[in-house]
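Please look over the sequence and the 3D structure shown below before reading on. The report that follows moves from single links to the wider fold.

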Amino acid sequence: MRAMAEVVNGSEGSAALKMKMRLLVWALWLLGLVSSKWVDGFEDLNVTEQHYYDQSYGVSYASKPLLVGLTLINGAAAKGAVCLDGTLPGYHLHRGYGSGANSWLIQLEGGGWCDSIRSCVYRKNTRHGSSTYMERQIQFPGILSNKAEENPDFFNWNRVKLRYCDGASFSGDSQYKAGQLYFRGQRIWLAAMEDLMSKGMRHATQALLSGCSAGGLASILHCDEFRGLFPWTTKVKCLSDGGLFLDTIDVSGRRTLRNMFRGVVWLQGVKKNLPWSCANHLNPTLCFFPQHLIADIKTPLFLLNAAYDMWQIQASLAPPSADPHGHWHACRKNYAHCTLSQIQFFQGFRNQMLNAVKGFSRSNKNGLFINSCFAHCQTERQDTWFAQRSPHIGNKGVAESVGNWYFDRADIKAVDCPFPCDKTCHNLVFK
């Protein structure tokens, strides 16, 4: 594309040539949309959200997606439960009805972490560090949808999106006075749960704690705490989507993600809030990695993850800092540009993921869906959650698998065959 632009903008840039080049670019763009999901890159490598050109991926909507307003937690400040910049935290709640009136789904927002004063100062001027910048209304697609044809098992539940503005997966408890930074993720979690309990969640007969990416990690960290909010008669389970971050070696032989997590844990005072079953015998940084937590979680937990997680490829396996000569640049953005040896490196990552969940998967109470896709987060997008062409393992898609597991309709331990066997993937391709 760069070569094309140089020709068009150079001396040969006649009107006819420009038109031809525009048509060629347009054709290539359309071809890309047919074959893959295009992504406009990360805001920052410390951010786990992704931005897409085309959100539908062949999904047709009978009506516009539901818009849900932001509710600020007014009593949070008195508890010190504030965002990085000291503003009030918030959530989006859409009430359930009928058979779902006493069922609650809590979705913890993702959005990376901040592991240094500098990155946290930057973050507090964004929607991931301040409610000042949060959207006042957001869409509820996928697992949050209110339409039975888009979300058959949870459409009429009370559905909550808890906004993420602390930078430590709702787990820190500290502050940096000189920079006016408040690391209060744990307090935000507690204040939000208390507020929601007062709004009817205490009467729940069914509850599901879920989360995507950094929120998926948070749903693992807080799973047993969530269970403890309810009487034992309440059916409570947890779902982590794209939250199985691995402590793995990058392409340079270093551990980029471990270094990041070390900064998060120590800067934000996470140590005191880590599960004791891990923290009593391992370094606190290691206890921020799900692989050291999942086997000891008592509450039923479902792990949904892409075997070739695109955030981990971009920020942990082959980050620019580990690739100074750019050998992984093309592969990192588009799996179709990877060499055989690079694909083999990713296969090794997949093997590490499968090894990490071996003990976890032996428990009948737990669920597993690991598909061999180049993706990240699959519950909040309609095209990957529940649609005509959504990803499948065998004959079951993501939504059906999660629903079957939650309602005890089937034992779900679905692991895909290695790339490139799965033709149902919605693989992400970066701009």
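## Disulfide links

With 100 degrees about the S-S bond, the link of cysteine 417 and cysteine 421 is right-handed. The two sulfur atoms of this disulfide, a term used for a pair of cysteine sulfur atoms within 2.5 Å, lie 1.8 Å from each other. This is a predicted model, in which local features need pLDDT of at least 70 and side-chain atom pairs count only at pLDDT 80 or more, while totals for chains, interfaces and linings use all residues. Residues are numbered from 1 along each chain as its sequence is written, and side-chain values use heavy atoms, with hydrogens and water left out. Cysteine 417 counts as partly exposed because its relative accessibility is 36%, and cysteine 421, with a relative accessible area of 32%, is partly exposed as well; here buried means under 20% relative accessible area, exposed means over 50%, and partly exposed lies in between, with a 1.4 Å probe and protein chains only.

By the same distance rule the count comes to eight disulfides. Another of them joins cysteine 223 to cysteine 238, with 2.2 Å from S to S, and the torsion about its S-S bond is about 100 degrees, so this disulfide is right-handed. The pair links distant parts of the chain, since cysteine 223 belongs to helix α6 (residues 223–227) and cysteine 238 to strand β10 (residues 235–241), 15 residues apart. Both cysteine 223 and cysteine 238 are buried. A further disulfide joins cysteine 278 to cysteine 287 at 2.0 Å from S to S; the link of cysteine 278 and cysteine 287 is left-handed, with -90 degrees about the S-S bond, and both of these cysteines are buried.

## The protein as a whole

There are 14 helices and 16 strands in the protein, where helices (H or I, at least four residues) and strands (E, at least two) are DSSP runs numbered from the N terminus. Of the 431 residues of the protein, 57% count as buried. The accessible surface comes to about 17900 Å², and 55% of it belongs to carbon and sulfur atoms; such areas come from the Shrake-Rupley method with a 1.4 Å probe, and for residues only the protein chains shown count as cover.

If one takes the contacts (heavy atoms within 4.5 Å) between residues at least 6 apart in sequence, 75% of them join residues at least 24 apart.

## The open sheet

How are the strands of the open sheet ordered? The sheet is formed by 10 strands in the order β5-β2-β3-β6-β4-β9-β10-β11-β12-β15, and the pairing is mixed; two strands pair if DSSP finds at least two bridges between them. The edge strands are β5 (137–139) and β15, each of which pairs on one side only. From one strand to the next, the twist averages 20 degrees. Helix α4 packs on the sheet and touches β3 (90–94), β4 (103–108), β6 (158–162) and β9 (206–212), and the direction of α4 makes about 160 degrees with that of β4; axes are lines fitted to C-alpha atoms, for helices over the stretch in contact, and angles run from 0 to 180 degrees between N-to-C directions.

Strands β10 and β11 run parallel and are joined by four bridges, with cysteine 238, a member of the disulfide with cysteine 223, standing opposite leucine 301 in β11. Strand β11 (residues 301–306) in turn pairs with β12 in the parallel sense over five bridges, and phenylalanine 302 stands opposite glycine 367 in β12. Three bridges then join β12 to strand β15 (residues 413–415), and these two strands run parallel, with phenylalanine 369 opposite alanine 414 in β15.

## Inside strand β12

Is strand β12 enclosed or open? Five of the five residues of β12 (residues 367–371) are buried, so this strand is largely enclosed by the rest of the structure. In a regular strand the side chains alternate between the two faces of the sheet. In β12, Gly367, Phe369 and Asn371 point one way and Leu368 and Ile370 the other way, and all are buried.

## Nonpolar cores

A nonpolar core is a set of buried Ala, Val, Leu, Ile, Met, Phe, Trp, Tyr and Cys residues joined through side-chain atoms within 4.5 Å. Of the 84 residues in the largest such core, Ile106, Trp113, Phe226, Phe288 and Phe346 touch the most other members. The largest share of this core, seven residues, comes from helix α4 (residues 185–198). A second, separate core of 23 residues includes Val68, Ile143, Phe302 and Phe369.
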